[in-house]
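Welcome, and please take a moment to look over the sequence and the fold before reading on. The paragraphs below will walk you through some of the places worth visiting.

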Amino acid sequence: MKLHELKPAPGSKKARKRVGRGLGSGHGTYAGRGRKGQKSRSGDRKMPPYFEGGRTPLVRRLPKARGEGFTLVEKVIYQPVNVGQLNRFPPHSEITPLTLAQAGLLRDPEEPVVILGDGEVDRPLVVKAHRFSASARAKIEAAGGQAVVIPR
């Protein structure tokens, strides 16, 4: 086989539809656009996907169905820290949100902190946080440490 003998697979190449080329082509007169109306005219008349021909669209008929919904005012977003990350602190040290932020584990020491149970802790530590998962509390106490909840 030579380079000039290469051909695409049969059926993989399809000729484009040439519209508006006379009655004999089968796509003459209205060129596949029908007779009248917005979509039959030339020019960029693109309508948004939710357009329903002029009636009130579904997104405006339904209450609170416009994208994001609504925001819970009381929602608390915790900054997560895993127990495996606490091994960088020396044994018997007290860990607070401020010390976690100084170690680069938190963005903001003022925001609430949750300690999660991913990883292992191998030293006794006094950890003070706003919330603990059950597995994190069990791992800290199994290592001889203490899990202290700080009120928000």
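**A walk through the model**

R61 counts as partly exposed, at 44% relative accessibility; here buried means under 20% relative accessible area, exposed over 50%, and partly exposed in between, with a 1.4 Å probe and protein chains only. Before we go further, please note that this is a predicted model, in which local features need pLDDT of at least 70, side-chain atom pairs count only at pLDDT 80 or more, and totals for chains, interfaces and linings use all residues. Residues are numbered from 1 along each chain as its sequence is written, and side-chain values use heavy atoms, with hydrogens and water left out.

Let us stay with R61 for a moment. Its side chain meets that of E52 in a salt bridge, with 3.0 Å from N to O; the term stands for a side-chain nitrogen of Lys or Arg within 4 Å of a carboxyl oxygen of Asp or Glu. E52 also meets R55 in a salt bridge, this time at 2.8 Å from N to O. E52, R55 and R61 are thus linked in a network of salt bridges. As for their surroundings, E52 is partly exposed at 26% relative accessibility, while R55 is exposed at 54%. In general, side chains of opposite charge can pair when their charged atoms come close. How many salt bridges does a search of the whole structure find? The search finds 5.

Another of these pairs leads us to the sheet. E94 forms a salt bridge with K128, and their closest N and O atoms are 3.5 Å apart. E94 lies in strand β2 and K128 in strand β4, so this pair ties together parts that are 34 residues apart in sequence. Helices (H or I, at least four residues) and strands (E, at least two) are DSSP runs, numbered from the N terminus. Both partners are partly exposed: E94 has 46% relative accessibility, and K128 has a relative accessible area of 25%.

Now look at the sheet itself. It is open, with 3 strands in the order β2-β4-β6 and parallel pairing; two strands pair if DSSP finds at least two bridges between them. The edge strands, each pairing on one side only, are β2 (94-95) and β6 (146-149). Strand β4, residues 126-129, runs parallel to β6 and is joined to it by 4 bridges. K128, which we have already met, has V148 in β6 as its bridge partner.

Next, find H130 in the loop between β4 and β5 (131-132). Is H130 buried or exposed? H130 is buried, because its relative accessible area is 15%. A polar atom of its side chain lies 2.9 Å from the backbone nitrogen of V113. Leaving out residues up to four places away in sequence, H130 touches several others, including Y78, P97, E111 and V149; contact means heavy atoms within 4.5 Å.

E111 sits in the loop between α2 (97-102) and β3 (113-116). E111 is partly exposed, at 37% relative accessibility. Beyond four places in sequence, its contacts are I77, Q79 and H130. E111 and L62 are 49 residues apart in sequence and 36 Å apart in space, C-alpha to C-alpha.

Our last stop is M1, in the segment before α1 (58-61). M1 is exposed, with a relative accessible area of 82%.

Key:
A polar contact is a pair of N or O atoms within 3.5 Å; within protein, one must be able to donate a hydrogen and the other to accept it, and residues adjacent in sequence count only if both atoms are side-chain atoms.
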